[in-house]
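Here's a quick briefing for anyone meeting this structure for the first time. Have a look at the sequence and the model, then read on.

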Amino acid sequence: MKRLVYYASTLLAAVALFWPVIYGNVPALRVLPGNPVIQGVVGLVIFGGLAYVTFDEAVEETGEIREKEELTAS
């Protein structure tokens, strides 16, 4: 279930990222009251935060083993 929440919140965060552009190009959405930039920022904070919180739980649910990889300069 947490994996589904992670995927849905990631998708909604991506939509919120481009919300002002979508709002400006779809005439049916222009009837919504408010500033589309503020709506996009609020959506990005809410859904991005939810995706951030559920990320570890979604990875643990899949059963994948995460190993630490060391980065080298080469």
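Leaving aside its neighbours within four places in sequence, which residues is T54 in contact with? They are K2, V5, Y6 and S9. Keep in mind that this is a predicted model, with a mean pLDDT of 86 for the protein chain. The chain has three helices and zero strands, so let's go through it topic by topic, starting with the whole chain and then moving on to a handful of residues, with buried meaning under 20% relative accessible area.

**The chain as a whole**

- Going along the sequence, you'll meet the pattern α-α-α.
- The protein chain has 74 residues, and buried ones make up 18% of them.
- About 6000 Å² of the chain is exposed, and carbon and sulfur atoms supply 68% of that.
- Take the contacts between residues at least 6 apart in sequence: 57% of them join residues at least 24 apart.

**How confident the prediction is**

- A pLDDT of 70 or more is reached by 80% of the residues in the chain.
- Confidence is highest in α2, at 95, and lowest in α3, at a mean of 86.

**T54 and S9**

- T54 sits in helix α3, which covers residues 36-62, while S9 belongs to helix α1.
- T54 counts as buried because its relative accessibility is 6%, under the 20% cut-off.
- S9 is buried for the same kind of reason, as its relative accessible area is 2% and the cut-off is 20%.
- A polar atom of the T54 side chain lies 2.8 Å from the backbone oxygen of L50.
- The S9 side chain, for its part, reaches the backbone nitrogen of A51 at 3.5 Å.
- Not counting neighbours within four places in sequence, S9 is in contact with F47, L50, A51 and T54, so T54 turns up again here, given that contact means heavy atoms within 4.5 Å.

**W19 and G40**

- You'll find W19 in helix α2 and G40 in helix α3.
- With a relative accessibility of 18%, W19 falls under the 20% cut-off and therefore counts as buried.
- G40 is buried too, with a relative accessible area of 5%.
- Setting aside residues up to four places away in sequence, W19 touches L29, L32, P36, Q39 and G40.
- One of these, Q39, also makes a polar contact with W19, side chain to side chain, at 2.8 Å.
- Seen from the other side, G40 is in contact with A16 and W19, leaving aside its neighbours within four places in sequence.
- The C-alpha atoms of G40 and P20 are 6.5 Å apart, although 20 residues separate the two along the chain.
- W19 and G43 are 24 residues apart along the chain, and their C-alpha atoms are separated by 8.8 Å.

**On the surface**

- Which residues make the nonpolar surface patch of about 380 Å²? L17, F18, V21 and L44 do.
- F18, one of the patch residues, is placed in the loop between α1 (2-17) and α2 (19-25).

Definitions and conventions:
Residues numbered from 1 in each chain as written. Heavy atoms only, no water. Helix = DSSP H or I, 4+ residues; strand = E, 2+ residues; numbered from the N terminus. Buried < 20%, exposed > 50% of the residue type's maximum accessible area, 1.4 Å probe, protein only. Polar contact = N/O pair within 3.5 Å; in protein donor to acceptor, adjacent residues only side chain to side chain. Patch = residues over 30% accessible without salt bridge, like charges linked within 9 Å, V, L, I, M, F, W, Y side chains within 5 Å. Areas by Shrake-Rupley, 256 points an atom, 1.4 Å probe, with all protein chains shown as cover. Salt bridge = Lys/Arg side-chain N within 4 Å of Asp/Glu carboxyl O. pLDDT = per-residue confidence, 0-100.
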